[in-house]
Amino acid sequence: MTTPRTTTGRRLSFLLFLLPATASLAFLSPSIYPLASATKHDSRDPTKPHTHGTNTALCSISDTENNPMAPPIPRWYQHEISITAPSRGCHLITSQVNNAIRNDLSTIKIGMANLFIQHTSASLTINENADPDVRRDMEVALNKIVPAQWTKDGTFRHTMEGEDDMPGHVKSSLMGPSLNIPIKNCRLALGTWQGIYLNEHRDQGGWGGGHTRNIVITLQGQS
């Protein structure tokens, strides 16, 4: 003969059945069951860079560090710098680029920097940043690859702007007008011996005092 369960007994059995399930809730993701202490509000405007006031690019404290469950913040910045090369040739401009983008760079942990020169007789490249003889030899090599003599011997027809003008156009296309440099931990991920070159391919023109070259720098990435 079986003894019928009482109402109290049925309730107790139901609660014992639910106990393992309710105990497991404590281990669920905070994104589903957020705790008040897991979220820290950052009042800084994410569209404005955080400035450290130092001469080195250090990472800002990001919203994702304050709240690990928050999605990464996409960031876009753009700068324009003007540089007048002291002479025709290859010139190291890494420090000028870093000075222009330092504050915004400090908010990007991973991303890409694009440099674009807005001219047809100058170019950008990356090469050795230590021995200045490398820059001198680069200019010598370019002059042998595209000699100015081609302006005089009939090889080139575009000669009205000077004997260095058409060779400058060719060198610009050979070297290229733009660079893409990865951003890693709020710095340009250049190698130890790598530097950014501005290659000035002309030594004469209608402006005098050298040519001012405009470079547009676009940063994109996330904190």
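Of the 223 residues in the protein, 32% are buried. The model is predicted. Its exposed surface comes to about 13900 Å², and carbon and sulfur atoms supply 57% of that area. Among the contacts with a separation of 6 or more, 81% are between residues 24 or more positions apart.

The secondary structure consists of six helices and eight strands. Read from the N terminus, the order of elements is α-α-β-β-α-β-β-α-α-α-β-β-β-β. The chain therefore opens with two helices and closes with four strands, as that order of elements shows.

One sheet can be followed through β2, β7 and β4. These three strands form an open sheet in the order β2-β7-β4, with antiparallel pairing. β2 and β4 (122-128) stand at the edges and have a single partner strand each, so one side of each lacks a neighbour in the sheet. From one strand to the next, the twist averages 35°. As a general point, strands of a sheet pair through backbone hydrogen bonds, in either a parallel or an antiparallel sense. Here β2 and β7 are joined antiparallel by four bridges. Within this pairing, Leu-92 has Tyr-197 of β7 as its bridge partner. Helix α4 lies across β2, β4 and β7, and runs at about 150° to β2.

The helix and the loops of this region also meet through side chains. Arg-88 and Glu-139 form a salt bridge in which the closest N and O atoms are 3.0 Å apart. Arg-88 is in the loop between β1 (74-84) and β2 (89-92), while Glu-139 is in helix α4 (residues 132-145), so the pair ties together parts 51 residues apart in sequence. Arg-88 has a second salt bridge partner in Asp-203, at 3.4 Å from N to O. Because Asp-203 sits in the loop between β7 (194-200) and β8 (212-222) and Arg-88 in the loop between β1 and β2, this pair ties together parts that are 115 residues apart in sequence. Arg-88, Glu-139 and Asp-203 are thus linked in a network of salt bridges.

How buried or exposed are the members of this network? Glu-139 counts as buried, at 11% relative accessibility. Arg-88 is partly exposed, with a relative accessible area of 24%. Asp-203 is exposed, its relative accessible area being 52%.

The whole structure holds seven salt bridges. Another of them joins the side chains of Glu-200 and Arg-213, at 2.8 Å from N to O. Glu-200 belongs to strand β7 and Arg-213 to strand β8, and the pair links distant parts of the chain, 13 residues apart. Both Glu-200 and Arg-213 are buried.

A further set of pairings involves β3, β5 and β6. Strand β3 (residues 110-117) runs antiparallel to β5, and seven bridges join them. One of the positions in this pairing is Phe-116, whose bridge partner in β5 is Ser-178. β5 also pairs with strand β6 (residues 187-188), in the antiparallel sense and over two bridges. In that pairing Lys-184 stands opposite Arg-187 of β6. β5 and β6 form a hairpin with two residues between them, and Asn-185 in the turn has a positive phi of about 50°.

Which side chains of strand β5 (residues 178-184) are buried? The side chains alternate along the strand: Leu-179, Ile-181 and Ile-183 point to one face and are buried. Ser-178, Asn-180, Pro-182 and Lys-184 point to the other face and are not buried. Two of these residues also appear in the pairings described above: Ser-178 as the bridge partner of Phe-116, and Lys-184 opposite Arg-187.

The last feature concerns aromatic rings. A pair of such rings is described by the distance of the centres and the angle of the planes. A search of the whole structure finds one aromatic pair. Trp-150 and Phe-156 form this pair, with 5.7 Å from centre to centre and 80° between the planes. The arrangement counts as edge-to-face, because the angle between the planes is over 60 degrees. The two partners fall in separate accessibility classes: Trp-150 is partly exposed at 31% relative accessibility, whereas Phe-156 is buried with a relative accessible area of 15%.

How values were computed
Residues numbered from 1 in each chain as written. Predicted model: local features only at pLDDT ≥ 70, side-chain atom pairs only at ≥ 80, totals over all residues. Heavy atoms only, no water. Buried < 20%, exposed > 50% of the residue type's maximum accessible area, 1.4 Å probe, protein only. Contact = heavy atoms within 4.5 Å. Areas by Shrake-Rupley, 256 points an atom, 1.4 Å probe, with all protein chains shown as cover. Phe/Tyr/Trp six-rings, centres within 6.5 Å; stacked < 30°, edge-to-face > 60°. Salt bridge = Lys/Arg side-chain N within 4 Å of Asp/Glu carboxyl O. Pairing = 2+ DSSP bridges. Axes fitted to C-alpha atoms, helices over the stretch in contact; angles between N-to-C directions.
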